[in-house]
Amino acid sequence: GMGVLAWLEVVLGDGVSGARLSGEIALSNAESIGGAVVALFDQPGVGVVVDLTRVDYLDSAGVRLLFRVAQASERSGGSLRVVVPAASHVKRILDLADAEHAIQLDETDFAAVAATSRGTAQTPRAHGP
């Protein structure tokens, strides 16, 4: 059956917010979760780290949610990083959707990204290993 989606927002300091999601992101909840994450960009120029490490399942509505969040980030002049484990189901889905062209994906853990996300809004995206 469909699992319940848990949502946790943490403020990481220096204008960076973290949104940790767990469970399943699907048509039934993607709209409300998307609205909540988009709202984090109400302040211009903020950084947001979305942690998908504990998400078990993501469908096309969940993929659209992430693109919507990325657009909100660009509109606000903020930065967005999405944490997704390399070998996960969610990473495979995002690869199929070619998400990496629009969204900065990090395969590291949430805490490490939070620590390095300060001041990255103006940093060009690094391509490489």
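**Exercises on strand 4 and its surroundings**

In this predicted model, five bridges join strand 3 (residues 47-58) to strand 4, and the two strands run parallel.

**Exercise 1.** Determine which residues stand opposite each other where strand 4 pairs with strand 3 and with strand 5.

*Solution.* Begin with the strand 3 side, where Val49 stands opposite Arg81 of strand 4. Next, take strand 5 (residues 105-106), which runs parallel to strand 4 and is joined to it by two bridges. Here Val83 is the residue of strand 4 that stands opposite Asp106.

**Exercise 2.** Identify the helices that link these parallel strands, and state the handedness of each β-α-β unit.

*Solution.* Follow the chain from strand 3 through helix 2 (residues 60-76) to strand 4: these elements make a right-handed β-α-β unit. Continue from strand 4 through helix 3 (residues 89-96) to strand 5; this unit is right-handed as well.

**Exercise 3.** Decide whether strand 4 (residues 79-83) is enclosed or open to the surroundings.

*Solution.* First, sort the side chains by direction: Ser79, Arg81 and Val83 point one way, whereas Leu80 and Val82 point the other way. Then apply the cut-off for burial, under 20% relative accessible area. The residues on both sides are all buried. Because five of the five residues of strand 4 are buried, the strand is largely enclosed by the rest of the structure.

**Exercise 4.** Place Leu80 within the largest nonpolar core.

*Solution.* The core holds 31 residues, and Leu80 is one of those touching the most other members, together with Ile25, Val50, Leu52 and Leu94. Strand 2, helix 1 (27-39), strand 3, helix 2, strand 4 and helix 3 each contribute at least two residues to this core. Helix 2 gives the largest share, seven residues. Finally, list the contacts of Leu80 beyond four places in sequence; among them are Phe41, Val48, Val50, Val69 and Ile103.

**Exercise 5.** Establish whether Ser17 is buried or exposed, and describe its setting.

*Solution.* Locate Ser17 in strand 2 (residues 16-25). Its relative accessibility is 13%, so Ser17 counts as buried. Beyond four places in sequence, the contacts of Ser17 include Val10, Leu12, Leu40 and Val49.

**Exercise 6.** Explain what is notable about the backbone of Asp98.

*Solution.* Start from the general rule: most residues other than glycine have a negative phi. Asp98 is not a glycine, yet has a positive phi of about 60 degrees. The residue is found in the loop between helix 3 and strand 5. With 46% relative accessibility, Asp98 counts as partly exposed.

Definitions and conventions. Residues are numbered from 1 along each chain as its sequence is written. This is a predicted model: local features need pLDDT of at least 70, side-chain atom pairs count only at pLDDT 80 or more; totals for chains, interfaces and linings use all residues. Side-chain values use heavy atoms; hydrogens and water are left out. Helices (H or I, at least four residues) and strands (E, at least two) are DSSP runs, numbered from the N terminus. Buried means under 20% relative accessible area, exposed over 50%, partly exposed in between (1.4 Å probe, protein chains only). Contact means heavy atoms within 4.5 Å. Two strands pair if DSSP finds at least two bridges between them. A crossover is right-handed if, with the strands pointing away from the viewer, the path from the first strand over the helix to the second runs clockwise. A nonpolar core is a set of buried Ala, Val, Leu, Ile, Met, Phe, Trp, Tyr and Cys residues joined through side-chain atoms within 4.5 Å.
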